Amino acid sequence: MAQIEQSDGGKKKKGAQKKIAIHVDFTPMVDMNMLLITFFMLCTTMIKSQTLQIILPTNEQVSDQNKSQAKQSEAITMILDTEYNGDRPAVDENGKTIHNIYYYEGIADTTFQITPNQLKAEHFVGNVNHEAQGIRRILYSKNEQVMQRYQELKTRWKNREITKEQFDSAARKNAGDSTLTRPVVVIKPGPNTTYEGLINAIDEMNINQISRYSIELPTHADTLLLRNYEQTHGVTIIRPDVRTRTNRATTEASTPNS
Amino acid sequence: MTAMSDVTVLLLTFFMLTSTFLQKEPTIVYTPSSVSEEKVPMNNLVTVLISCADKGGNMEDPTVTEGKIFISFTGDADSTLSSVNIRGMMLDEAVAIYNAQHQNNPITITAAQKNEFMNTNMFGVPFSVLPEFLSMSVTDRDKFQGNLANPAVGIPINGNRDRDGRLNDFQIWLKAIYNVAQRINSDQAAGLTDAERSQLSNLYTALMRKGEGIAVKADKDTPFTTVQEVFDNLQTMKLNKFSLMTALKSEDEPTN
């Protein structure tokens, strides 16, 4: 190591220089390199943040006839809620925040009539053994036609039959295909929902290839449904005292009788 | 030994080239995770940071630190529209809008203060405090912004347009961003064919076409109502397309 030897090919040439062996001690350099590597390894952030694209509608008042009305059969409404433990979101034994979803099929009844067991409770579970669970399974079954084609596309992409770009554009076209039965999901973050709950909900839309969803604030009809659920199941969902911060969103979502 | 030193040098080069140092932010937030694989763009990005409730547990009311807004601008890779230059343009535009709205108590920014602003990554103070803030030293600024309980920290966001139709401070910044981005776009698009114009990639196209221009960064435990306020302001300013910063997770991972 660190020796430079000048070979003369065994022959003595005329005027050839005398062989000099140069020794350089590399150890300090290697030491320094190691230190620098350690420094960079510890200081770099290899994982860049990801982004989730979101498009919100205008918040100007839209007249009722201009509002797009989803068909009763296609609509599904998810009211989000996060459990709180005092002032902080409650966590389960794995340290994950507990989010509840109360969902019903169809659009909210404006006549304030409650059909028994209209509201059902679910959780964000994710996949268990590659099988969709929890709310994901409900959404999957609602969007089955799109998802089946999506899975076919995915297999073709995995088998290298189509490129990533082809897959992406085909998947987008598939998710927006109006000839298929597709659901319209209304996400309603309740007053106690954390930001993570909302992101989880939008994430489920992306996983289940649901192209039509909106984010709205809960209405009085939703509050009524929640109150009914509370009474029939003996639980407390609406906890106005969790957060005393008052702003527009909470006032709109507050209950008519509280 | 030679092989080892070769490898160390190679590794060192790799780490030096791939590393991007974290920009200093006034508060640390833990973003929620999603399956979206889209990367945060390196250029032409406006980051809106929403602070979270105090997690240290030594505060009487931890929520006083919640919902403070900070903005950072990242410019183009191109040197004429670099982060430093674009910040200067944003500041001029925003101060002009502010002073037009508040003719009784306008603010003036000196050249030295503007220079300070151009070299500040993330800031979050109301316009009324801005000149004083920019006169501080860098360490004092960090200390000032780090104290989230101070009511003078955070860009005011509440009051979605007041009664006189005046914009709040956050909306003024958004309007400044939009105006500057539009001006840059029309400058760049001048004399181009339609095909070339559609190829343009600048802050305006990121904002308007792709929704990549604004990234909202908030803590996972921040109540939705706090984040909603920012969304509401963005909607009011007609910036309906934007992105939310998340960490990556796989579909099979259990969701919380």
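## Two crossing helices in chain B

In this predicted model, helix 6 (residues 169–189) and helix 8 (residues 203–210) of chain B have axes that come within 7 Å and cross at roughly 110°. That angle falls between 65 and 115 degrees, so helix 6 of chain B and helix 8 of chain B count as roughly perpendicular to each other.

From helix 6 of chain B, the contact takes in B:Tyr178, B:Ala181, B:Gln182, B:Ile184 and B:Asn185, while helix 8 of chain B brings B:Leu203, B:Tyr204, B:Thr205 and B:Leu207. Sort the residues of this contact by class and you get six nonpolar, three polar and no charged ones.

## How sure is the predictor?

For the complex, the predictor reports an ipTM of 0.82 and a pTM of 0.79. Chain B has a mean pLDDT of 84, with 95% of its residues at 70 or more. For chain A, the mean pLDDT is 77, and 76% of the residues reach 70 or more.

Look at chain A element by element: helix 5 of chain A has the highest mean pLDDT, 89, and helix 7 of chain A the lowest, 37. Over residues 244–258 of chain A, pLDDT stays under 50, and the model has 21 contacts beyond four places in sequence for that stretch.

## Where the chains meet

Between the chains, 54 residues of chain A are in contact with 58 residues of chain B. On the chain A side, helix 1 (27–43), strand 3 (50–55), strand 9 (126–128), helix 5 (195–207) and helix 7 (248–253) each supply at least two residues. This side of chain A is made up of 26 nonpolar, 21 polar and seven charged residues.

There's strand pairing across the interface, too. Strand 3 of chain A runs antiparallel to strand 2 (residues 38–39) of chain B, and two bridges join them. One partnership to look up is A:Gln50, whose bridge partner in strand 2 of chain B is B:Lys39.

## The five-stranded sheet of chain A

Chain A has an open sheet of five strands in the order 8-7-4-11-12, with mixed pairing. Strand 8 (120–122) and strand 12 (213–215) of chain A sit at the edges with a single partner strand each, so one side of each has no neighbour in the sheet. On average, neighbouring strands of this sheet are turned by 25° against each other, direction ignored.

Strand 11 (residues 184–189) of chain A runs parallel to strand 12 of chain A, and three bridges join the two. Here A:Val185 stands opposite A:Tyr213 of strand 12 of chain A. Helix 5 of chain A packs on the sheet, where it touches strand 4 (75–82), strand 7 (99–105), strand 11 and strand 12 of chain A, and its direction makes about 150° with that of strand 4 of chain A.

## Domains and a helix pair in chain A

The domain assignment splits chain A into domain 1 (70–141 + 182–253) and domain 2 (144–180). Contact between them involves six residues of domain 1 of chain A and eight residues of domain 2 of chain A. The domain 1 side consists of one nonpolar, four polar and one charged residues.

Helix 3 (residues 144–158) and helix 4 (residues 164–175) of chain A have axes that come within 10 Å and cross at roughly 175°. With an angle over 145 degrees, helix 3 of chain A and helix 4 of chain A are therefore roughly antiparallel to each other. In this contact, A:Val146, A:Arg149, A:Tyr150, A:Leu153 and A:Trp157 of helix 3 meet A:Lys164, A:Phe167, A:Ala170, A:Ala171, A:Asn174 and A:Ala175 of helix 4. By class that's eight nonpolar, one polar and two charged residues.

Definitions and conventions: Residues numbered from 1 in each chain as written. Chains lettered and ligands numbered in written order. Predicted model: local features only at pLDDT ≥ 70, side-chain atom pairs only at ≥ 80, totals over all residues. Contact = placed C-beta atoms within 7 Å. Helix = DSSP H or I, 4+ residues; strand = E, 2+ residues; numbered from the N terminus. Nonpolar A, V, L, I, M, F, W, Y, C, P; charged D, E, K, R; others polar. Pairing = 2+ DSSP bridges. pLDDT = per-residue confidence, 0-100. Axes fitted to C-alpha atoms, helices over the stretch in contact; angles between N-to-C directions. Parallel < 35°, antiparallel > 145°, perpendicular 65-115°, else oblique. Domains from an automatic or database assignment.
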